[in-house]
Amino acid sequence: MAIGAGQFATCRLIQRRSSSPRAAPNSAGAPELAPGAWFSPSIVEVDGHDSVLLSDETFGPLGALTTGADDDELVAIANSSRYGLSSSLWSTDSEHAASVSGRIHAGAVFVNTISTTDPRLPTGGVKASGYGRELGRWGVYELANLQTLRIRRGT
């Protein structure tokens with residue numbers, strides 16, 4: 001995947017700083033044999049709660065995979081980041097995953113799919129990932145110049 005030079009460096013740094021850099025098969029994040037900033041989409045399995053892949057926003061083709069003892073532990077890991085733009089939750093039981101998703105502090109939670117945007121739906125983060133929404137009918141208010149007019153008539 002072609003990305004900007006700055007993001008390429010960020011993905012490489014985050015990949016190296018991961019607490020347990022065991023890459024999943026066929027996703028080592030090696031540069032392609034092409035000019036420019038190429039970074040193969042990668043999933044890195046991380047142990048523990050202190051991985052930079054779990055605490056920082058990577059904005060690149062680099063994701064983290066972790067497991068936990070139960071829902072409470074996994075929700076605590078997800079919510080321990082100071083960021084909250086989006087989260088992707090995967091499960092063989094999509095109904096259960098949907099019920100757990102409401103406990104995750106993120107602007108968007110995707111169940112059994114990757115983070116995407118749709119112009120019909122609001123997009124935005126929580127915590128250090130931003131404030132407010134764009135897109136959808138909610139995002140229109142970000143572009144509106146509303147005026148309040150209050151007239152007191154009589155006494």
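## Reading the elements

Helices (H or I, at least four residues) and strands (E, at least two) are DSSP runs, numbered from the N terminus. In this predicted model, the chain has 5 helices and 7 strands. Starting at the N terminus, their order is α-β-β-α-β-α-β-β-α-β-β-α.

A little housekeeping helps here. Residue numbers start from 1 along each chain as its sequence is written, and side-chain values use heavy atoms, with hydrogens and water left out. Because the model is predicted, local features need pLDDT of at least 70 and side-chain atom pairs count only at pLDDT 80 or more, while totals for chains, interfaces and linings use all residues.

## How confident is the model?

The predictor's confidence in each residue is called pLDDT, and it runs from 0 to 100. Its average over the chain is 76, and 77% of the residues score at least 70. Take care with residues 23-29: pLDDT stays under 50 there, and the model gives this stretch 13 contacts (heavy atoms within 4.5 Å) beyond four places in sequence.

## Inside and outside

The chain has 155 residues, and 27% of them count as buried, which means under 20% relative accessible area (exposed is over 50%, partly exposed in between; 1.4 Å probe, protein chains only). On the outside, the chain exposes about 10,600 Å², with 55% supplied by carbon and sulfur atoms; such areas come from the Shrake-Rupley method with a 1.4 Å probe, and for residues only the protein chains shown count as cover.

## Two cores

A nonpolar core is a set of buried Ala, Val, Leu, Ile, Met, Phe, Trp, Tyr and Cys residues joined through side-chain atoms within 4.5 Å. The largest one here has 9 residues: C11, I14, V44, V46, V52, L53, L54, L62 and I77. Helices α1 (5-17) and α2 each supply at least two of them, and α2 gives the most, with 3 residues. Another core, of 6 residues, lies apart from it and includes V75, V100, I104 and A106.

## A closer look at helix α3

Helix α3 covers residues 71-79, and V75, I77 and N79 are buried in it. The buried residues of α3 pack against α2 (52-55), α4 (94-101) and β7 (126-127).

## One residue in a strand

Now find S87, which sits in strand β5 (residues 86-89). Why does S87 count as buried? Because its relative accessibility is 16%. Beyond its neighbours within four places in sequence, S87 is in contact with I104, A106, A108, V109, F110 and S115.
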